Amino acid sequence: MTRATLSNVPSLNDVVQRHTDLSEADLDWLHALIADWQLLADLSFADLVLWVPDRDDDGYRAVAQMRPTTGPTAYVEDLVGTYLAKGRRPLIDTAYAEGVIRREGDPEWWDDVPVRVEAIPVRHDGRVIAVIGRHTNLIAVRTPSRLELSYLECGSQLATLITEGRFPHSTRTDMGRRGAPRVGDGLVRLDADGQALYASPNAVSVYRRLGLAADLVGHHLGKATATLAPPPGARDEPLEDVLGGRQHVRTEIEGNGTVMTLRIIPLDPGGQHVGALALCRDVTEVRRRERELLTKDATIREIHHRVKNNLQTVAALLRLQSRRIASPEGRAALDEAVRRVGSIAIVHETLSQTVDDTVAFDDVADRLLGMVAEVAATTSDVRATRSGTFGILAAETATPLAMTLTEVLQNAVEHGLGRRGGAVLLTAERSDGRLLVTIDDDGVGLPPGFDAATAGNLGLQIVRTLVVGELAGTLDIGPRSGGGTRVVLDLPVEAESPR
């Protein structure tokens, strides 16, 4: 085999689209297979390598690899990205051409390790679209135990289903993803009638914790499980029928203080139902932690909701006090305090509606624009708009930024536009861990000799403290081209995670 010279390991999509004639449906089938082939690797105690035919029909490319968790690996190195010319491995050529499983008579030797090699054709929609190389490390070969024999038998039947295009199941391609039970968690081999022929020690332990006192072997799995679980709610079929072994099922059973996930894989080579493979896993501790997290999330949301309510109460009290003060200066100071408290309340209201400690800040910015324009303007002819996006911000960034924007927008509307009216534009640009916020107004501009660093009014002091001290950013205030004022905030922010 010749190792491809690549700076990065290519993805399955890249190789299939660039080097093969496989269709989108074929690619989806391969993705579903890879999502679930850890099962075959563990049952076979073998490494798996997926080979797809090259478009020029002169070789194959390795697009995926899986190592077993139940035995030693055969290949320490990663084979993904390898190109295999036709003729170098006749076993792969024969399996692809004839559509049947092939095995080498004698083992290969890799770094003084004997390796048994098999080739399993992958069939989809009546065609062979790839070949799985199954490589078993034989260095520790011994007389197999009953567990190992059961694993190998199930692995052989699963390989047959792949060759016939019956696995992965066409309508349930999510069976092997995200928390599904694995072979080592617990395995039960069922016969054609749903009776347990063999149960691994881990499977027996899970059923013991569910409350099963009898031996699982010899009992109908569905009936035994139904007796351990409380009466189900609305279920289309009785549990004993669902777990009878004739349909692909992934479900969760809870009883005796234990939670178990259970997956059923029918074994029907040649279209004849010969039994099923049941995988089970005790997820009691996982579910307990999930419930604790949900409770904590609900508690945190409730705290944010109450903080918001308390802040709104404080704002209402300040508003009442403002109406009783005769001094215009005192009334103006209280009105400014109302707006500052209100901007913090908006952030807490947003946090009360999400399970994350993050804020989709665009909504907060739009509400601040509306609030400031409505409350601070002395004329109805104020147009406040936003351009760009703030993205998702952490709560510790969102709160001081909301207060900063409240102060800057209020100054722009009150002192920049005044009674003449005009437009305020809030622009946000986010890239490379930075957030650039610009506030433009087309008002009267800054007074002569204005210096942002020495200006002494309370609003600018608050802005400088928040931007420089708390947000570790920079603040620039100057004239806007064409008249008016421009305020620029340059802040460090965390990169957004994919959502």
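**Strands, cores and one arginine in a predicted model**

Q: In this predicted model, which residue of β12 is the bridge partner of V188?
A: Strands β8 and β12 run antiparallel and are joined by four bridges. In β12, V188 has as its bridge partner A278.

Q: How many bridges join strand β11 to β12?
A: Strand β11 covers residues 258-267 and runs antiparallel to β12. Across this pairing, M260 stands opposite D282 in β12. The number of bridges joining β11 to β12 is eight.

Q: How many of the residues of strand β12 are buried?
A: Strand β12 spans residues 275-282, which is eight residues. The strand is mostly covered, and the buried count is six.

Q: Is R189 buried or exposed?
A: R189 lies in strand β8, residues 187-190. A residue counts as buried under 20% relative accessible area. The relative accessibility of R189 is 5%, so R189 is buried.

Q: Which side chain does the side chain of R189 join in a polar contact of 3.2 Å?
A: Leaving out residues up to four places away in sequence, R189 touches several residues, including E153, Q157, Y198 and A276. The polar contact of 3.2 Å runs from the side chain of R189 to that of Q157.

Q: What distance separates the C-alpha atoms of R189 and V217?
A: Along the chain, R189 and V217 are 28 residues apart. In space, their C-alpha atoms are separated by 9.1 Å.

Q: Which helix gives the most to the largest nonpolar core?
A: The largest nonpolar core has 39 residues, and L43 is among those with the most contacts inside it. The helix that gives the most supplies six residues and spans residues 146-164: it is α5.

Q: From which domains does the largest nonpolar core draw at least three residues each?
A: One of the domains has two segments, 12-144 and 152-164, and another covers 187-284. Outside its neighbours within four places in sequence, L43 is in contact with residues that include L158 and L277. The core draws at least three residues from each of domain 1 and domain 2.

Q: How many residues does the second, separate core have?
A: In soluble globular proteins, nonpolar side chains tend to be buried together. The second core includes V372, F390, L409 and L471. Its size in residues is 37.

Q: Which are the edge strands of the open sheet of five strands?
A: The order in this sheet is β14-β16-β17-β19-β18, with mixed pairing. An edge strand here pairs on one side only, and the two are β14 and β18.

Q: Which residue in β16 is the bridge partner of G388?
A: Strands β14 and β16 run parallel and are joined by seven bridges. The bridge partner of G388 in β16 is A428.

Technical notes
Residues are numbered from 1 along each chain as its sequence is written. This is a predicted model: local features need pLDDT of at least 70, side-chain atom pairs count only at pLDDT 80 or more; totals for chains, interfaces and linings use all residues. Side-chain values use heavy atoms; hydrogens and water are left out. Buried means under 20% relative accessible area, exposed over 50%, partly exposed in between (1.4 Å probe, protein chains only). Contact means heavy atoms within 4.5 Å. A polar contact is a pair of N or O atoms within 3.5 Å; within protein, one must be able to donate a hydrogen and the other to accept it, and residues adjacent in sequence count only if both atoms are side-chain atoms. Two strands pair if DSSP finds at least two bridges between them. A nonpolar core is a set of buried Ala, Val, Leu, Ile, Met, Phe, Trp, Tyr and Cys residues joined through side-chain atoms within 4.5 Å. Domain bounds come from an automatic or database domain assignment.
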